[in-house]
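Trainee: I'm new to this one, could you walk me through it?
Mentor: Gladly; let's put it on the screen and begin with the empty spaces inside.

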Amino acid sequence: MMRHSAGWVTLGLLMVLAACSPVDIATRAAASPSPISTNTPIPQPTVTATATVTATIEPTLQPMPLNPSDCRVDSCTLDGDFWLQRPVDPPAEQHADNSYLYGSSQNGKRIPHSGVEFYNATGTPVLAAADGRVVYAGNDASTAFAPWTNFYGNLVVLEHATPRGEPFYTLYAHLSEIDVQSGTSVQAGQVIAKVGMSGSAIGSHLHFEVRTTPTDYTATRNPFLFLTPLAGTDGARLAVLAGQIIDQNGQLLPTAQLVAERADLPENSAPQRYYLETYTAGVSSDPAWQENFVLGDLEPGRYRISFVYDGRLIERFVTLSAGQLTYLSLQVEN
Ligand SMILES: [Zn+2]
């Protein structure tokens with residue numbers, strides 16, 4: 001780990017006005033970050049489904065096909081667990097908005113984000129991210145899927161059978177139109193709804209979310225742990241960077257302002273730089289990964305990950321491979 005005491009340029013987070021949620025900050029369940037350990041079992045999620053949202057898949061937890069605990073030292077590259085497809089097809093925008101990623105509070109200015117945004121015009125078809133069954137199709141005027149009712153507006157929740165065998169749901173919110181009915185089966189890629197701005201959306205977009213309990217706003221996962229990376233300009237799959245920034249006590253370090261920047265570009269080429277923050281306290285990590293940041297759809301290559309902690313610049317270098325997930329585990333020192 002390299003340290004520098006000066007020379008750091010203050011980072012400006014992108015401030016995009018369009019958002020799916022009110023500007024005020026919600027008080028979320030302040031769960032302590034998970035302690036770091038190896039061979040972490042996947043706990044069975046607490047089921048709090050209401051009578052109107054009935055799950056049918058019984059959890060039969062099985063080991064993941066990968067072993068994130070192998071990545072707890074420095075970094076490594078794995079195949080990932082990518083079995084979801086994008087909820088929109090070209091020419092719709094398939095890249096998520098990087099300024100308000102899962103777990104982000106935009107440096108304390110917004111409610112911690114429980115999903116990701118795909119900015120598209122009202123009427124854009126919304127597609128099922130995987131084969132599944134509709135467990136909810138309607139508005140949230142009377143059934144809350146968030147801290148408040150009338151938050152997501154028109155929404156669809158799909159239940160999926162997963163490679164891991166645990167309960168798994170995708171949620172599509174702020175819809176202008178719903179094209180499926182509760183209880184019906186859907187296939188991956190099937191049109192289930194249209195993009196809109198119902199509920200508390202500011203501007204037209206699709207809010208896409210992954211949950212382990214259909215109506216529990218806190219039982220979310222980062223969608224980019226599961227979304228298949230898009231294809232790059234050369235046709236090869238893009239890459240995913242995920243990881244954990246942890247403090248001296250082994251606890252996840254919240255809202256660290258990270259910069260991921262290509263470190264292998266020719267001199268004088270345009271920089272490829274991404275700003276993101278580690279999850280706000282209380283935002284759920286995947287129990288197996290115990291991550292607190294994920295950045296999807298990155299060009300493969302060598303990257304420098306840096307942030308300022310206690311007045312010091314901390315940086316690491318990782319290499320991302322096409323279609324794979326590179327996991328970085330970084331513990332700050334005294
Ligand atoms: Zn959103």
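Trainee: How many cavities of 30 Å³ or more does the structure hold?
Mentor: Keeping in mind that this is a predicted model, the structure holds two cavities of 30 Å³ or more, and the largest cavity has a volume of about 50 Å³.

Trainee: Which residues line the largest cavity?
Mentor: The lining is made up of L101, Y102, S104, N222, L276, E277, Y279, F293 and V294. Strand 15 (273-277) and strand 16 (293-298) are the elements that give two or more residues to that lining.

Trainee: And how do the residues of that lining divide into nonpolar, polar and charged?
Mentor: They divide into six nonpolar residues, two polar ones and one charged one.

Trainee: Where does the largest cavity lie with respect to domain 1 and domain 2?
Mentor: The largest cavity lies between the two domains, because domain 1 (83-225) and domain 2 (233-331) both give residues to its lining.

Trainee: Switching topic, how many helices and strands are there in the chain?
Mentor: The chain has 19 strands and zero helices. As for contacts between residues at least 6 apart in sequence, 70% of them join residues at least 24 apart.

Trainee: What share of the residues counts as buried?
Mentor: Of the chain's 334 residues, 54% count as buried. The accessible surface of the chain comes to about 13,600 Å², and 51% of that surface belongs to carbon and sulfur atoms.

Trainee: Let's pick a residue, then: is V116 buried or exposed?
Mentor: V116 has a relative accessible area of 0%, and since buried means under 20%, V116 counts as buried. In the chain, V116 lies in strand 3, which covers residues 116-118.

Trainee: What does V116 touch, leaving out residues up to four places away in sequence?
Mentor: With those left out, V116 touches A96, Y102, L206, H207, F208, P223 and F224. One of these, Y102, also appears in the lining of the largest cavity. For a sense of spacing, the C-alpha atoms of V116 and H95 are separated by 9.7 Å, and these two residues are 21 residues apart along the chain.

Trainee: One more: where is the place of T213?
Mentor: T213 sits in the loop between strand 11 (206-211) and strand 12 (220-221).

Trainee: Is that loop residue, T213, buried or exposed?
Mentor: T213 is buried, with a relative accessible area of 1%. Its C-alpha atom is separated by 7.2 Å from that of F168, although T213 and F168 are 45 residues apart along the chain.

Conventions: Residues numbered from 1 in each chain as written. Predicted model: local features only at pLDDT ≥ 70, side-chain atom pairs only at ≥ 80, totals over all residues. Heavy atoms only, no water. 1 Å grid on protein atoms, 1.4 Å probe; cavity = no way out; pocket = protein on both sides within 12 Å on 5 of 7 lines; lining within 4 Å. Points joined across faces, edges and corners; volume = space filled by probe spheres on them. Helix = DSSP H or I, 4+ residues; strand = E, 2+ residues; numbered from the N terminus. Nonpolar A, V, L, I, M, F, W, Y, C, P; charged D, E, K, R; others polar. Domains from an automatic or database assignment. Buried < 20%, exposed > 50% of the residue type's maximum accessible area, 1.4 Å probe, protein only. Contact = heavy atoms within 4.5 Å. Areas by Shrake-Rupley, 256 points an atom, 1.4 Å probe, with all protein chains shown as cover.
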